Amino acid sequence: MVIKRLGDWIGRYSVQIVCWSGTDRRQLLTECQAKHIDLSAFPTDWADLQAFYTSIMDVGSHGCVSLGDVATWFGIEFDESTGHAHSALADARVTAKLLKQVMDGDYRVSPRAQEVRQRWGMGERAQTRLSSKCPELGDLLLKLKAEGK
């Protein structure tokens, strides 16, 4: 029932779904296939913020970065307003905050970012502008701004 209601709601809009990693999309498709739920009306345009932020953070061989580590890196807390990590609603709220930083071009590396780098055995790194690392975000940003979002 929830998937159908979501599909009905999404179907009224031209959307791009923003997620944290391709796992979200694969999980939705797998669940729907197992339950014989038709997803043909769902958007096929997905943006993976993990890929963008991994590039920004210049994590190299560390590859996939957890949403919790990125939240720490950019000073976003899982707290009473967001809930705990790995809760669907909390993860969605933190992902939305990360997307807002991308859209505004206003992201600041938290002083706690070095904690993450040290945990991964990485050295110091100069800060990089998001737009220079992920030029493909330009189209998404223009589209969202044109739609007044």
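Is Lys35 buried or exposed? At 51% relative accessibility, Lys35 counts as exposed; its surroundings appear in Figure 3 below. Please keep in mind throughout that this is a predicted model.

**Figure 1. The whole protein is built from eight helices and two strands.** Starting at the N terminus, the order of elements reads α-β-α-β-α-α-α-α-α-α. The protein has 149 residues, and 34% of them are buried. Its accessible surface amounts to about 9200 Å², with 55% of that area belonging to carbon and sulfur atoms. If you like contact maps, here is one number to take along: among contacts between residues at least 6 apart in sequence, 66% join residues at least 24 apart.

**Figure 2. Leu6, Trp9 and Tyr13 make a nonpolar patch on the surface.** The patch covers about 320 Å². Leu6 belongs to helix 1, which spans residues 2–11. With a relative accessible area of 34%, Leu6 is partly exposed. That value fits a place in the patch, because patch residues need over 30% relative accessible area.

**Figure 3. Glu31 and Lys35 join their side chains in a salt bridge.** The N to O distance here is 2.4 Å. This view deserves a close look, as the structure holds one salt bridge. How accessible are the two partners? Glu31 has 34% relative accessibility and counts as partly exposed, while Lys35, at 51%, counts as exposed. Lys35 earns that label because exposed means over 50% relative accessible area.

**Figure 4. Helix 2 runs from residue 22 to residue 34, and His36 follows it.** The helix contains 13 residues and reaches 18 Å from its first C-alpha to its last. That span is close to the 18 Å expected at 1.5 Å a residue. After the helix comes His36, a residue other than glycine whose phi is nevertheless positive, near 55°. His36 sits in the loop between helix 2 and strand 2 (46–48), and at 75% relative accessibility it counts as exposed.

**Figure 5. Ser21 is another residue with a positive phi, in the loop between strand 1 and helix 2.** Strand 1 covers residues 17–19. Phi of Ser21 is about 90°, although Ser21 is not a glycine. Is Ser21 buried or exposed? Ser21 is buried, with a relative accessible area of 10%. His36, by contrast, is exposed at 75%.

**Figure 6. The largest nonpolar core brings together 23 residues.** Those touching the most other members are Trp20, Leu49, Tyr53, Met57, Val70, Phe74 and Leu98. Helix 3 (49–57), helix 4 (67–73), helix 5 (88–104) and helix 6 (113–119) each supply at least two residues of this core. Another core, of six residues, lies apart from it, and its members include Ile10, Leu28, Leu39 and Phe42.

**Figure 7. Val70 and Phe74 offer two ways into the largest core.** Which residues does Val70 touch, not counting those up to four places away in sequence? Val70 touches Trp20, Tyr53, Met57, Val65 and Leu98. Phe74 is found in the loop between helix 4 and helix 5. At 4% relative accessibility, Phe74 counts as buried, because the cut-off is under 20%. Phe74 and Leu98 are 24 residues apart in sequence, yet their C-alpha atoms are 8.3 Å apart in space.

**Figure 8. Thr95 and Arg93 both lie in helix 5.** Thr95 is buried, with a relative accessible area of 9%, whereas Arg93 is partly exposed at 37%. What does Thr95 contact, leaving aside its neighbours within four places in sequence? Its contacts are Val18, Cys19, Trp20, Leu49 and Leu67. Two of these names, Trp20 and Leu49, will be familiar from the largest nonpolar core. Arg93 can be paired with Phe78: the two are 15 residues apart in sequence and 9.1 Å apart in space, C-alpha to C-alpha.

Key. Residues numbered from 1 in each chain as written. Predicted model: local features only at pLDDT ≥ 70, side-chain atom pairs only at ≥ 80, totals over all residues. Heavy atoms only, no water. Core = buried A, V, L, I, M, F, W, Y, C linked by side-chain atoms within 4.5 Å. Buried < 20%, exposed > 50% of the residue type's maximum accessible area, 1.4 Å probe, protein only. Helix = DSSP H or I, 4+ residues; strand = E, 2+ residues; numbered from the N terminus. Contact = heavy atoms within 4.5 Å. Patch = residues over 30% accessible without salt bridge, like charges linked within 9 Å, V, L, I, M, F, W, Y side chains within 5 Å. Areas by Shrake-Rupley, 256 points an atom, 1.4 Å probe, with all protein chains shown as cover. Salt bridge = Lys/Arg side-chain N within 4 Å of Asp/Glu carboxyl O. Expected span 1.5 Å × (residues − 1).
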